[in-house]
Structures are given as structure tokens and as C-alpha cells.
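Open the model in your viewer and keep the selection tool ready. The stops below go from helices to sheets to cysteines.

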Amino acid sequence: MKPFSRRSFGKKITAAAATAASVFSEGAVAKPASPKRLEFPSGFLWGCATAAYQTEGGVAEGGRKPSVWDTFSHTPGKTNNGATGDIADDSYHLYKTDVQLLKNLGAKVYRLSVAWPRIFPDGTGQPNEKGINYYERVVDELLANGIDPYITMYHWDLPEAQQDRVGGWQSRDTSKAFADYSGYVAKRLSDRVHHFFTTNEFVCMTDLSYKTGQFAPGLRLPAAEANQVRHHGILGHGMAVQAIRASAKPGTMVGLAENATVFAPVIEDAEGVAAAQKATRHGNAQFLTAVMEGKYLDSYLEQEGANAPKVEAGDMKIIGCPLDFVGLNVYTPEYVRPDDSKLGYAVVPRPKSFPHVPSPWLFVGPEVLYWAVRNVSEVWKPKTLYITENGCSSDDVLTPDGHVYDTDRLMYLRNHLTHLQRAASEGYPIKGYFLWSLLDNFEWADGYTNRFGIHYVDYETLKRTPKLSAEFYRKTIAENAVA
Ligand code: GBH
């Protein structure tokens with residue numbers, strides 16, 4: 001081909017520009033089309049999540065007695081700046097304000113937890129009528145605003161009396177006490193509440209609380225005892241499922257909210273997917289695998305050896321009783337690849353430079369939401385899945401004119417929801433998403449430093465201000481598509 005002369009090239013450019021211009025309407029810049037939306041299945045349930053001790057405050061009101069978290073947070077050195085949940089967001093008094101925040105978002109569902117020490121202040125024994133009345137008021141307020149409550153029975157606020165009497169989850173008595181409490185709550189609320197989660201995050205209520213000690217009651221037990229605590233945790237879940245079913249109105253749905261470790265394949269080919277599935281089973285053997293399969297994997301028992309939990313006859317059947325749904329709290333991925341070890345996979349270590357949000361454990365890998373849904377769906381085939389938590393902390397700043405520009409959280413949410421949409425569009429049974437969290441709250445050992453809310457809370461005035469991410473979420477809910 002002959003090279004263009006400078007003159008003919010110039011002519012061609014002019015002609016091309018003329019053609020291009022004529023495609024558009026009269027003499028102007030084209031109006032940009034709005035981006036094609038990534039849509040969710042119709043009827044997808046959008047909501048937010050919180051937990052009692054993180055938001056309620058009112059710790060000495062309505063007959064509530066202390067939980068292990070009251071004791072722990074009041075022990076010097078256990079939480080950042082000595083923060084406690086004494087007031088938190090004061091949702092005990094401001095719950096109607098919180099319901100309006102949900103309504104403004106267009107949320108269809110709300111996941112909240114019931115505080116065991118409000119219902120049975122001593123762990124067992126006589127129920128406290130004022131305690132259950134509080135949740136009746138909250139539930140009625142939600143329903144009056146068209147929001148369906150999803151209730152977690154246990155988000156770590158074990159009655160201190162139960163810890164003192166039998167060592168908390170060190171004893172099977174606590175599994176039983178938890179089931180009794182759960183059955184009672186279901187009996188009282190299941191005329192209005194149709195979905196219950198038993199426990200929230202086994203690893204936190206067992207290992208972090210009884211083995212590594214960052215969470216209440218802050219114990220550091222040796223491996224065998226810690227494994228027994230794990231067993232009592234999952235046993236408590238199973239017993240609670242049965243107790244809820246025995247005392248709730250027909251049609252009540254029961255599941256759990258679990259932060260299973262999510263394994264994402266480095267390469268998304270058949271071998272990578274198979275490695276992620278093997279990792280999903282073995283990497284969660286002590287908790288979700290035992291619950292979904294009603295047994296401890298041989299690989300787990302072998303790994304723990306003499307420290308393996310002591311199991312009584314009938315325990316595994318209770319632990320493995322079928323669930324109506326599985327809830328997954330999803331924050332951060334582990335990356336895996338196939339290898340020829342006995343387990344058939346290897347976890348790939350993270351480089352120091354791997355991005356994370358202000359919470360140092362929260363590494364950002366948005367595909368985690370896709371693999372959470374896909375791995376659990378393919379390995380255990382649950383009927384229904386919910387994402388019961390997902391979100392991130394940010395160094396939020398309230399500007400003098402009342403704005404919080406949390407573009408980092410918005411980026412986190414948009415990318416995670418893109419991957420959730422990918423899972424939904426491939427037909428996995430994901431039915432809803434609960435963003436963590438509705439509002440900034442008591443972030444456990446981190447106190448009030450790491451904010452996870454899409455509403456900013458001024459802890460002096462308790463005023464709530466929607467962040468930019470709340471606007472993003474409202475739009476996403478309205479369009480049922482990633483905004
Ligand atoms: C969830 O846990 C909780 O359900 C919720 O209450 C919490 O507010 C939210 O996430 C945000 O953190 O002390 O360095 O060992 C998420 C899983 C597991 C994350 C324990 C923090 C402790 C890190 N969590 N982990 S460390």
C-alpha cells in the first residue's frame with residue numbers, strides 16, 4: 001500500500017470527521033447514554049444489618065443485666081480508648097429514627113440481633129417481659145414501615161451470669177441455655193418475624209473469645225479446650241434450630257449467619273474452581289462444613305489429633321439438621337490454587353502491599369462475593385443464600401456543611417455488588433443482601449475508631465447523617481441494579 005502523502009492524509013481525516021459528526025444530532029456533542037445497569041433478579045431483598053451490643057446502649061434499662069461484652073469493654077486495655085457499648089448509637093431509645101433511615105433507603109429487610117441478657121438477664125430462668133417488649137416495639141415499627149425484620153439470636157452478648165456459672169461456651173449447658181432462649185424468642189416473635197439466624201460467626205464467638213482472647217470474655221484456652229468450645233458453639237446452633245422449629249409458628253425460616261472463609265481461585269479455570277471447593281470444605285471443617293454435612297471431616301480430626309473435640313452420641317445429627325437458608329458474612333478473600341498436596345490446594349500468601357481498608361484485616365478483593373455464593377452453592381447446594389453482612393470501614397470525615405464523601409466505601413460496595421450480580425445472573429440461589437452497616441457503631445475491640453456505617457454517627461450528639469454511600473445504596477435499591 002502506498003503511504004499517504006501529507007496532503008491526502010489531511011483530506012481523509014477531514015472526511016472521516018465529517019462522517020462521524022453526521023452520526024450525531026445537529027452540530028453538538030452526543031448526549032451520553034446512561035451506562036447499562038447490572039440488574040438483580042426481581043424481588044431481590046435489599047437491607048442493612050446491625051447487632052444489639054454495637055448499637056443499642058441502654059445497657060442497664062428494661063431489666064437488662066450485663067453481658068460478657070459489658071464486663072470486657074469495662075476492663076482496662078481490652079478495647080481501643082476504653083470504648084464501651086454503654087451508649088453506642090442509643091438505638092434502644094432512637095430505634096424509630098433508625099427505622100426512618102432504613103425507610104429512606106428503600107430497604108425491604110433489616111437484620112438486627114436480640115440481646116440475650118435483655119430476655120434472660122441471668123442466662124436461664126425467668127424471662128424478662130420488659131426485654132421482649134422492647135423487641136416487639138422495634139419489630140412493630142419496622143413492619144409499620146414496610147420493612148421485614150430478620151433476627152439474629154446471638155451476636156456475642158452472652159449473659160455474664162452464664163459465663164460465671166458454667167464458663168460460658170466452655171460448657172454444653174450454654175448450648176442448651178442458648179436453645180431455650182432462642183425457642184422463647186421465636187415463640188414470642190414468630191407471629192411477626194419469619195426469619196431467624198441462630199448464631200453470628202462461629203470463629204468470633206469461639207476462637208476469638210476463648211482461644212486468642214481479643215473478644216469477650218477474653219480467654220486464652222489451650223487447643224483441646226478451645227476445640228471443645230467450637231463444638232459447643234455449633235451444637236448450640238443445632239439445638240437452637242430445633243428449639244425454634246418446635247416453638248415458632250409454622251412457616252418460620254431458620255438458618256445461621258456465618259463468616260466462612262471464602263476461597264477465590266487465582267485462575268478461574270476448572271482446576272482453580274476445584275481447588276477452591278476443596279478449600280471451602282477443609283478450610284471451614286470446624287464450623288460450616290460440620291453444620292452442612294453433619295460430621296467432622298477426617299482431615300480435620302487428623303489435623304487436630306488428640307485435641308479433637310469430644311462428641312457425644314447424637315451431637316452431629318443435631319449440628320447437621322437441615323436449614324431453610326444459609327447466611328454468609330463476607331468481607332475478604334483467601335486466594336487458592338491447585339497443588340499436589342494431600343488436600344489438593346494451597347493458600348497463596350498475600351504480599352504486604354495487598355490493599356486494605358482502615359481495618360487491617362479487611363483486604364479488598366471484590367470477587368470474594370461471587371466465590372462466597374458459588375463455592376457454598378456448589379459444595380452444599382443450600383436452598384437459599386443471603387449475604388448477611390458485607391461492607392467496609394473508612395476514615396470518614398463529616399464536613400462542616402454536613403457531608404461525608406466516602407468514595408472508598410462506595411468503590412468497595414460497587415465492585416462487590418458487581419460480583420454479587422455476577423453470581424445472581426448465573427442462577428445461584430442468592431436472595432438478598434444485608435449491608436454492614438446501617439450506621440457507624442461500636443466496632444468491638446476497635447471501639448469507635450473504625451466506622452462501617454453508611455450513616456455517620458456523631459457520638460456526642462448521636463445525630464445520624466447519610467454518607468455518599470447511602471445515596472449510592474438508595475439508588476441501587478430503587479433500580480434493583482448496581483448504581
Ligand atoms: C463482622 O465480623 C461482625 O459480625 C460485625 O459485628 C462487625 O462489626 C463487622 O464484621 C465488621 O468488623 O482482631 O485482628 O484478629 C467480621 C469478621 C472476624 C473481622 C474477626 C475482625 C478480628 C480481627 N471479623 N476479626 S483481629
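Axes here are lines fitted to C-alpha atoms, for helices over the stretch in contact, and angles run from 0 to 180 degrees between N-to-C directions. Helices (H or I, at least four residues) and strands (E, at least two) are DSSP runs, numbered from the N terminus. This is a predicted model: local features need pLDDT of at least 70, side-chain atom pairs count only at pLDDT 80 or more, and totals for chains, interfaces and linings use all residues. Residues are numbered from 1 along each chain as its sequence is written, and side-chain values use heavy atoms, without hydrogens and water.

**Stop 1: the helix pair.** Select α17 and α18. Their axes come within 8 Å and cross at roughly 25°. That makes α17 roughly parallel to α18 (angles under 35 degrees count as roughly parallel, over 145 as roughly antiparallel, 65 to 115 as roughly perpendicular and the rest as oblique). Now show side chains. From α17, T407, R409, L410, L413, R414 and L417 meet L468, S469, F472 and T476 of α18 (contact means heavy atoms within 4.5 Å).

**Stop 2: the barrel.** Select the strands β1-β2-β3-β4-β5-β7-β10-β11. They form a closed barrel of 8 strands with parallel pairing (two strands pair if DSSP finds at least two bridges between them). From one strand to the next, the twist averages 25°. Zoom to β5 (residues 253-258) and β7 (residues 325-329): 4 bridges pair them in the parallel sense. Here E258 stands opposite L328 in β7.

Bring α17 (residues 407-425) back. It packs on the sheet and touches β1 (45-49), β10 (385-389) and β11 (430-436). Its direction makes about 170° with that of β11. Helix α18 (residues 468-479) lies across β1 and β11, at about 155° to β1.

**Stop 3: the open sheet.** Select β6, β8 and β9. This open sheet of 3 strands has the order β6-β8-β9 and mixed pairing. β6 (262-265) and β9 (345-348) stand at the edges, each with a single partner strand, so one side of each has no neighbour in the sheet. Strand β8 (residues 333-338) runs antiparallel to β9, joined by 4 bridges. Label V336: its bridge partner in β9 is V347. Then add α16 (residues 368-380), which lies across β6 and β8 at about 105° to β6.

**Stop 4: cysteines.** How many disulfides are there? The count is 0 (a disulfide is a pair of cysteine sulfur atoms within 2.5 Å). Select C392: the nearest cysteine sulfur, that of C48, is 14 Å away. C392 is buried at 1% relative accessibility (buried means under 20% relative accessible area, exposed over 50%, partly exposed in between; 1.4 Å probe, protein chains only). End on C321, buried with a relative accessible area of 10%.
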